[in-house]
Amino acid sequence: KEYRPQLIPVDFNNLNDTRSALESIILSDDAGSNDVHNIILFEGVMIYLDEGVPHALLDICSSILNKRKSQSSSYLCFADRLENIPGGDEEAAHMEMESTGWKLLDWLPKPGLARHMGVARLR
């Protein structure tokens, strides 16, 4: 069977729809039980979301990935503005990632709107 990319539109401010869309992708029978490496990428998206949504999105992503049958690896790559992290405070970044189910591996803050850049691994 040939697989082609499929775009699934969702309004991230609607957390219920976002959760349903992610579950349909990650927990579907098509996802299989083979080892799959999941990479979630946020680039300049969270800047435009309602207060509280960026934190909730990180949590939703990790909780759904933890429900998978396979033991594949999952990573989060971001160049965005995360919540609960004033400026480029690395300790606050570790705390935010930890509280949403991620372990921060790389932290590279920079000036600008999307000031938080880094990589995290699913805990």
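What follows is a chat about why features of this predicted model get the labels they do.

Me: Why is Cys 61 called buried?
Reply: Buried means under 20% relative accessible area. Cys 61 has 3%, so it counts as buried.

Me: And what makes Cys 77 partly exposed?
Reply: The label covers what lies between the buried cut-off of under 20% and the exposed cut-off of over 50%. Cys 77 has a relative accessibility of 24%, so partly exposed it is.

Me: How do you know that Cys 61 is in no disulfide?
Reply: A disulfide needs two cysteine sulfur atoms within 2.5 Å. For Cys 61 the nearest cysteine sulfur belongs to Cys 77, and that is 12 Å away. Cys 77 is in no disulfide either, with the sulfur of Cys 61 as its nearest, 12 Å off. The count for the model comes to 0 disulfides.

Me: Why is the pair of Phe 12 and Phe 42 called edge-to-face?
Reply: Two cut-offs matter here: centres within 6.5 Å make a pair, and planes over 60 degrees apart make it edge-to-face. Phe 12 and Phe 42 sit at 6.1 Å centre to centre with 65° between the planes, and that earns the name. The two rings come from distant parts of the chain, 30 residues apart: Phe 12 precedes helix 1, while Phe 42 is in strand 1.

Me: Buried or exposed, how do those two rings rate?
Reply: Phe 12, at 26% relative accessible area, is partly exposed. Phe 42, at 5%, is buried.

Me: What makes the pair of Phe 78 and Trp 107 tilted?
Reply: Stacked needs planes under 30 degrees apart and edge-to-face needs over 60, so tilted is the rest. Here the planes are at 45° and the centres 6.3 Å apart, so the pair is tilted. Phe 78 is in strand 2 and Trp 107 in strand 3, 29 residues apart. Both Phe 78 and Trp 107 are buried.

Me: Which residues have the most contacts inside the largest nonpolar core?
Reply: That core has 25 residues, and the ones with the most contacts inside it are Phe 42, Leu 58, Leu 76, Phe 78, Leu 82, Met 97 and Trp 102. Helix 2 gives the largest share, 7 residues. As background, nonpolar side chains tend to be buried together in soluble globular proteins.

Me: What does Trp 102 touch?
Reply: Leaving out residues up to four places away in sequence, its contacts include Leu 58, Cys 61, Leu 76, Met 97 and Leu 122.

Me: How do you know that the buried residues of helix 3 line one face?
Reply: The buried ones are Ala 92, Ala 93, Glu 96 and Met 97. Looking down the helix axis, they fall within an arc of 135°, so they line one face. The face turned away from that buried side carries the exposed Glu 91 and Met 95. The buried residues of helix 3 pack against helix 2, strand 2, strand 3 and strand 4.

Me: Why is Asp 89 said to cap helix 3?
Reply: The contact cut-off for N or O atoms is 3.5 Å. A side-chain oxygen of Asp 89 lies 2.9 Å from the backbone nitrogen of Glu 91, at the N-terminal end of helix 3. After the helix comes Gly 101, with a positive phi near 95°.

Me: What makes Arg 19 partly exposed?
Reply: Its relative accessible area is 29%, between the 20% and 50% cut-offs. Arg 19 is in helix 1, and it touches Ile 60, Ser 63, Ile 64 and Lys 67, not counting residues up to four places away in sequence.

How values were computed:
Residues are numbered from 1 along each chain as its sequence is written. This is a predicted model: local features need pLDDT of at least 70, side-chain atom pairs count only at pLDDT 80 or more; totals for chains, interfaces and linings use all residues. Side-chain values use heavy atoms; hydrogens and water are left out. A nonpolar core is a set of buried Ala, Val, Leu, Ile, Met, Phe, Trp, Tyr and Cys residues joined through side-chain atoms within 4.5 Å. Buried means under 20% relative accessible area, exposed over 50%, partly exposed in between (1.4 Å probe, protein chains only). Helices (H or I, at least four residues) and strands (E, at least two) are DSSP runs, numbered from the N terminus. Contact means heavy atoms within 4.5 Å. Rings of Phe, Tyr and Trp (its six-membered ring) pair if their centres lie within 6.5 Å; planes under 30 degrees apart count as stacked, over 60 as edge-to-face and the rest as tilted. The arc is that of the directions from the helix axis to the C-beta atoms. A polar contact is a pair of N or O atoms within 3.5 Å; within protein, one must be able to donate a hydrogen and the other to accept it, and residues adjacent in sequence count only if both atoms are side-chain atoms.
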